[in-house]
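Open the model in your viewer and keep the selection panel at hand. This tour goes stop by stop.

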Amino acid sequence: MRFVWAVVAFVLAAVLIGAGIAQRTIFMGPSTESSRVEVQEPAPFVLMDGEVLRSNPGAQTLLIHGDGDIFAAYGRTSDLEAWLADSDYNQVSVAKDGTFDVEHVAAPPVEDEGEGDADGGTTDEPVVRNPVGSDLWLDSFSDTDDLIANNMQLPDGMSVLIAYDGTQDAPDDIAISWPLDNSTPWAGPLMAAGGAVLLVGLILYVLGIRHQRRGRGPRRKGPGPLPVTEPIDVASLPPAERDALEQPSGESAAPQTPNSEVEDAEIVDETKDPDSKTSLRATRTPRRRLRLIALPAIGLTALLASGCSADSWPQFEDASATPSPTPTVIAPDNQKPPAVTESQATRILQEISATLVDADTALDLDLAATRLDGPALTARTTEYALRTELPDTTPPAAIPTDKVEVVLPEATDRWPRTVLLLSKSTSDDTVPPVILTMTQQDPWSNYKVSHMAEMSADVALPEVAASWLGTSLVPEDSAFLTVPPADLATAFADVVDEGEKSASYGLFDDPSLSLATSINDSRQELVQRLVDNNASETSQVTFDMTPADVAPVAMTTLGSGAIVSVVLTDTETVTPTVPDAVIRFGENPQAKALTGVSEAAKGIETTYSFQVFFAVPAQGSTEQIRLLAVHQDLISAKVIK
């Protein structure tokens, strides 16, 4: 009967294991579902709406095949449409029946800036633009011949742009795939159960053999009882027999037992009862065979179970688990999207820093102009001129990008767009944090830094909105601040020139007043040098600090205040006071380098620029205007004609 149950167990184990393996092989469904985009009319760009990628659940994989360097990027749909406003492109969307609809969008006629056409100065030729390297994309991908973008999960309002370099038609071999649930949760349990039943069958089989051998009885009888022996009188034996008996036992050959009387792997004691041999044979041999057969069965079961992935087992989730509440921030109904995301701003700042390092090394002003504008570019222009004439001049420090601590983008869907950043170095404590503002003038331009200054490590920014929410620009004439942004530079310049006599003196905090004092101290050093050189009787120096012809940048903080960046110019003019006197630049190599002369008959005018960031409180607040950061540059030195 044991053999019958063993056979049943073997059959059942084969069925269970076979069913489990079949679920993971011949009965296993496809792992992905894919759809192709059919482009009928070629165009330089393909704009794929995010709804196309979300037409099936799960993470999306974009597969593009072409010939050459393929480029793909994703961003806000409105931004991509603005970038493509003057280009031909194919727009892919989802039709009402669920199919993909491809619509060709022609570029509008553009004005011909050349001689013009016969129809009145317009041309049908679209503008050619390379999408590679634009700051508008949230992220981008590129590869040669085959581009695969995995695990894309575009939310609502996002789209994908596909192209080469804008000069040739975009790839038309485009496919999208989504993952399918092909898990087999019972494959693992079936194979594990089959392995267990197989082990049971093996045990039953071995027990059946053991029971059969016991039922057959002893295989042979042992030798009969020995005859009774009596003592031998050795003295009465003949001499030869007596010598043989007295020979030492170790010198006689031991009797050999025939091989046929010893079974393999048996230990038999012939001096005991014959049943003991049979009993030893019946119990010891089956146990060893049981171990030899059971071990492979256990190993097979473990191998089948370990070879199954998580998809081969049921996934039991905790039904009692409940989501923990998170703070909710409600944006206004008319809130526009932020100009950049945090990761996008970090990437842009890293590219800006790397570009400026290359430009500073090569003294390439054109390269620097691709990432600088306004007062920041003006300062670099003078810097490169000085370093050309004075190679020992220390180059400007690179913008630290180790940690972008604050990203405050303007919330808008129009251009220009402005972003405020605070970046720190985590590898070098001697590098001060840098606060800057960068602006994108239109969809086709990259962000350029206009205002930039170093901030003390002990200075804290006012609390600002989250990067995903963004903020708004404060109008220059806003009456909701203690000082309107347009008047802030004038108020601080008056504090520098007038000191405690200024009406604005009490509006600024101690660090701001210390900055004003340091500016006045540097002025007095110049006056003292004229006295020390006995030039005070033949020359004079005047100072004038005024707001620069640069619009302030003011961004709202959470306390209804604003971070305001202003630019001031401090001009010092040295002129002779007697007709025969001349102004020599003996101790001023920078003036020599910028003017190209060593003296001036009518004097010299030197201009310095101050880029200053202030935290301005709201109107009615008892707080003072706080100094956040400041940066000084030599802007120009010119001979008075």
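Helix axes are compared by the angle between their N-to-C directions, which runs from 0 to 180 degrees. Angles over 145 degrees count as roughly antiparallel. Keep in mind throughout that this is a predicted model.

**Stop 1: helices α1 and α4**

Select α1, residues 2-24. Add helix α4, residues 187-215. The two axes come within 7 Å and cross at roughly 160°. That is over the cut-off of 145, so α1 and α4 are roughly antiparallel to each other. Now check the hand of the crossing: α1 passes α4 in a left-handed one.

Stay on α1 and pick Ala-14, which is found in this helix. Is Ala-14 buried or exposed? Its relative accessibility is 51%, so Ala-14 counts as exposed. Draw a distance from the C-alpha atom of Ala-14 to that of Gly-195. The separation is 8.8 Å, although the two positions lie 181 residues apart along the chain, counted from one to the other.

**Stop 2: a nonpolar patch**

Select Met-1, Val-4, Trp-5 and Val-8, and show their surface. Together they make a nonpolar surface patch of about 450 Å². Centre on Trp-5, which belongs to helix α1. Trp-5 has 49% relative accessibility, so this residue counts as partly exposed.

**Stop 3: helices α10 and α11**

Move to helix α10, residues 485-498, and helix α11, residues 510-532. At what angle do their axes cross? The answer is roughly 50°, with the axes coming within 9 Å. The crossing angle makes α10 oblique to α11. The hand here is right-handed, as α10 passes α11.

**Stop 4: backbone details**

Three places deserve sticks.

Begin with Trp-415 and Pro-416. A cis peptide bond joins them, and omega is about 0°. Pro-416 sits in the loop between β11 (403-409) and β12 (417-424).

Next, select Asp-145. Its phi is positive, about 70°, yet the residue is not a glycine. Asp-145 lies in strand β8, residues 139-152. With a relative accessible area of 31%, Asp-145 is partly exposed.

Then go to Leu-363. Here too phi is positive in a residue other than glycine, with a value near 55°. Leu-363 is in the loop between α7 (342-362) and α8 (365-369). Its relative accessibility is 30%, so Leu-363 counts as partly exposed.

**Stop 5: salt bridges**

Switch to charged side chains. How many salt bridges are there? The count comes to 16. The next selections show some of these.

Select Asp-86 and Arg-129. They form a salt bridge, and the closest N and O atoms are 2.6 Å apart. Asp-86 lies in the loop between α3 (77-83) and β4 (89-94), while Arg-129 lies in the loop between β7 (122-123) and β8, so the pair ties together parts that are 43 residues apart in sequence. Asp-86 has 11% relative accessibility and therefore counts as buried.

Now select Asp-135 and Arg-371. Their side chains meet in a salt bridge, 2.6 Å from N to O. This pair links distant parts of the chain, 236 residues apart. Asp-135 is in the loop between β7 and β8, and Arg-371 is in the loop between α8 and α9 (374-389). Are these two buried or exposed? Both Asp-135 and Arg-371 are buried.

Go on to Arg-347 and Glu-351. Their side chains also meet in a salt bridge, at 3.8 Å from N to O. Both residues are in helix α7, four residues apart, so about one helical turn separates them. Arg-347 counts as partly exposed, at 22% relative accessibility. Glu-351 is partly exposed as well, with a relative accessible area of 31%.

**Last view: the network**

Show Asp-135, Arg-347, Glu-351 and Arg-371 together. Salt bridges that share partners join these four residues into one network. Within this network, Asp-135 and Arg-371 are the buried pair from the loops, and Arg-347 and Glu-351 come from helix α7.

Notes: Residues are numbered from 1 along each chain as its sequence is written. This is a predicted model: local features need pLDDT of at least 70, side-chain atom pairs count only at pLDDT 80 or more; totals for chains, interfaces and linings use all residues. Side-chain values use heavy atoms; hydrogens and water are left out. Patches are made of residues with over 30% relative accessible area and no salt bridge: like charges are joined within 9 Å, nonpolar side chains (Val, Leu, Ile, Met, Phe, Trp, Tyr) within 5 Å. Accessible areas come from the Shrake-Rupley method with a 1.4 Å probe; for residues, only the protein chains shown count as cover. Helices (H or I, at least four residues) and strands (E, at least two) are DSSP runs, numbered from the N terminus. Buried means under 20% relative accessible area, exposed over 50%, partly exposed in between (1.4 Å probe, protein chains only). Angles under 35 degrees count as roughly parallel, over 145 as roughly antiparallel, 65 to 115 as roughly perpendicular and the rest as oblique. A crossing is left-handed if the near helix is turned anticlockwise from the far one by less than a right angle, and right-handed if clockwise.
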